[in-house]
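Work through these exercises with the model open. Try each task before reading its solution.

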Amino acid sequence: LSLYLHVPFCQRMCWYCGCHTKITARYDPIHRYAQSLAGEIELVAGALGERRRVSHVHWGGGTPTILKPADILILTDTLRRHFDFAPNGVFAVEIDPREMTRDIVTALAKAGVTRASLGVQDFNPDVQKAINRIQPYEMTKQVIDWLRADGIEEINLDLMYGLPYQ
């Protein structure tokens, strides 16, 4: 079984984005969504009728790492209460490096994340400005260093082509 959790929130809109997302500066709607998502996990698990083994979990969005560490851990605990995670399974999360903190990375590691997918798009400052996604190389490198330090070593960068100035 594979599970996908969608967290449809971001703090800023990237002008190339085609994702179903909502921009919010307040955390309350994100927290309420996380609570609803935990309830939905319980409903789906109950509807399945028996405990199932999960080989892949993927959190996407929006930006799932907009979640505070406590909500990351609540959602993961809810998943683990209702599903058996395969020993060699993949638990992947999409990351916006612009919003990452050391505490969020630590929560992801504690949650059991095995793969991180960092949204980069392009390192060229002109391209970043044109798509409303200012993200210096050093910022992305810092997040990668934190991930590796916490044992999350499967890391990929999401790059795009066809953006302005490419």
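**Exercise 1. Helices on the sheet**

Which strands does α1 lie across, and at about what angle does α1 run to β1?

Solution. First, the ground rules. This is a predicted model, in which local features need pLDDT of at least 70, side-chain atom pairs count only at pLDDT 80 or more, and totals for chains, interfaces and linings use all residues. Residues are numbered from 1 along each chain as its sequence is written, and side-chain values use heavy atoms, with hydrogens and water left out.

Helices (H or I, at least four residues) and strands (E, at least two) are DSSP runs, numbered from the N terminus. Axes are lines fitted to C-alpha atoms, for helices over the stretch in contact; angles run from 0 to 180 degrees between N-to-C directions.

Step 1: α1 lies across β1, β4 (52-61) and β5. Step 2: its angle to β1 is about 155 degrees. Step 3: now take α2. It also lies across β1, β4 and β5, and runs at about 155 degrees to β5.

**Exercise 2. Helix against helix**

Find the angle at which α1 and α2 pack, and list the residues in contact.

Solution. Step 1: α1 (residues 28-48) and α2 (residues 69-82) pack at about 5 degrees, with axes 9 Å apart. Step 2: the pair is therefore roughly parallel. Angles under 35 degrees count as roughly parallel, over 145 as roughly antiparallel, 65 to 115 as roughly perpendicular and the rest as oblique.

Step 3: list the contacts (heavy atoms within 4.5 Å). From α1 come H31, A34, L37, A38, I41, E42 and A45; from α2 come D71, L75, T78, L79, R81 and H82. Step 4: sort them by class. Seven are nonpolar, three polar and three charged. Here Ala, Val, Leu, Ile, Met, Phe, Trp, Tyr, Cys and Pro count as nonpolar, Asp, Glu, Lys and Arg as charged, and the others, Gly among them, as polar.

**Exercise 3. Strand order**

Work out the strand order of the sheet and name its edge strands.

Solution. Step 1: five strands form an open sheet, ordered β1-β4-β5-β6-β7, with parallel pairing. Two strands pair if DSSP finds at least two bridges between them. Step 2: β1 (2-7) and β7 (154-159) are the edges, each pairing on one side only. Step 3: the twist averages 15 degrees from one strand to the next.

Step 4: check individual pairs. β1 and β4 are parallel over six bridges, and S2 has H56 in β4 as its bridge partner. Six bridges also join β6 (residues 115-121) to β7. R115 stands opposite E154 in β7.

Step 5: read the faces of β1. L3, L5 and V7 point to one face and are buried; S2, Y4 and H6 point to the other and are not.

**Exercise 4. Two buried residues**

Describe the surroundings of V93 and T76.

Solution. Buried means under 20% relative accessible area, exposed over 50%, partly exposed in between (1.4 Å probe, protein chains only).

Step 1: V93 lies in β5 (residues 83-95). Its relative accessible area is 1%, so V93 is buried. Step 2: not counting residues up to four places away in sequence, V93 touches W59, P64, T65, L108, V113, R115, A116 and S117. The C-alpha atoms of V93 and W59 are 4.7 Å apart, though 34 residues separate the two along the chain.

Step 3: T76 is in α2. With a relative accessible area of 1%, T76 is buried. Step 4: the T76 side chain reaches the backbone oxygen of I72 at 2.9 Å. Beyond four places in sequence, T76 touches W59, F91 and A111.

Notes: Polar contact = N/O pair within 3.5 Å; in protein donor to acceptor, adjacent residues only side chain to side chain.
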